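Here is a short report on one helix and the aromatic rings beside it. Have the sequence and the structure in view while reading.

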Amino acid sequence: QRTGQVFYNTDDEREGGSVLVKRMFRPVDDEYGIPVPKQLKEEGLKRVLLYVRKESDEVFDALMLKSPTVKGLMDAISEKYGFPVEKIAKIYKKSKKGILVNMDDNIIEHYSNEDTFILNVENMVEGFKITLTEI
């Protein structure tokens, strides 16, 4: 939207009891420089922050999932704990009821920011088996 300055000159510009108004418009580019286009947010990009700790730890680590997918979770675990992504064989979720579920993108999409888990890592022949237990 453009705005202008309004000047009232009551001495010189009266006609029939009404006041004439002069509007002075300046191009936006002259006053503020070149307008910067707005950055569009990617609708599909939803970051999720999870709090994770090992059973023996008292303090949680923050895992920022850049995308709410199994790959995003694997990348975050790999980055935080130094496991090579290609060595992570399987990721499971253990619910509060004790139900063990294969982790998939649909489960991760429904996580809320700041959900908390206990992280259990088992070193197996085929790679690391990771279980996230809800608390």
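A search of the whole structure, which is a predicted model, finds 3 aromatic pairs. One pair joins F83 and F128: the ring centres lie 4.6 Å apart and the planes meet at 40°, so the pair counts as tilted. The cut-offs explain the label, because stacked planes are under 30 degrees apart and edge-to-face planes over 60. F83 sits in the loop between α2 and β7, while F128 belongs to strand β10, so this pair ties together parts that are 45 residues apart in sequence. Ring pairs also bring in Y81, giving a cluster of Y81, F83 and F128.

**Helix α2**

Helix α2 covers residues 70–81. Its 12 residues should span 16 Å at 1.5 Å a residue, and the end C-alpha atoms are 16 Å apart, so expectation and model agree. Its buried residues are V70, G72, L73, M74, A76, I77, S78 and Y81. Y81 thus appears both in this buried set and in the ring cluster.

What covers these buried residues? Several elements take part, including strands β5 (48–54), β6 (61–65) and β7 (88–94). Helix α3 (105–109) is also among them, as are strands β9 (115–124) and β10 (127–134). Strand β10 is also where F128 is found.

Just after α2 comes G82, with a positive phi of about 80°.

**Buried or exposed**

Four residues from this region can be set side by side. A residue is buried under 20% relative accessible area and exposed over 50%.

| Residue | Relative accessibility | Class |
|---|---|---|
| F83 | 12% | buried |
| F128 | 15% | buried |
| S78 | 15% | buried |
| E79 | 62% | exposed |

S78 and E79 show both classes within one helix. S78 lies in α2 and is buried at 15%. E79 lies in α2 as well, but at 62% it counts as exposed.

**S78 and the loop**

Which backbone oxygen does the side chain of S78 reach? That of F83, at 2.5 Å. Leaving aside neighbours within four places in sequence, S78 is in contact with F83, P84 and V85. F83 therefore has two links described here: a tilted ring pair with F128 and a backbone oxygen reached by S78.

**E79 and M64**

How far apart are E79 and M64 in space? Their C-alpha atoms are 9.9 Å apart, and the two residues are separated by 15 residues in sequence.

Technical notes:
Residues numbered from 1 in each chain as written. Predicted model: local features only at pLDDT ≥ 70, side-chain atom pairs only at ≥ 80, totals over all residues. Heavy atoms only, no water. Helix = DSSP H or I, 4+ residues; strand = E, 2+ residues; numbered from the N terminus. Buried < 20%, exposed > 50% of the residue type's maximum accessible area, 1.4 Å probe, protein only. Expected span 1.5 Å × (residues − 1). Contact = heavy atoms within 4.5 Å. Phe/Tyr/Trp six-rings, centres within 6.5 Å; stacked < 30°, edge-to-face > 60°. Polar contact = N/O pair within 3.5 Å; in protein donor to acceptor, adjacent residues only side chain to side chain.
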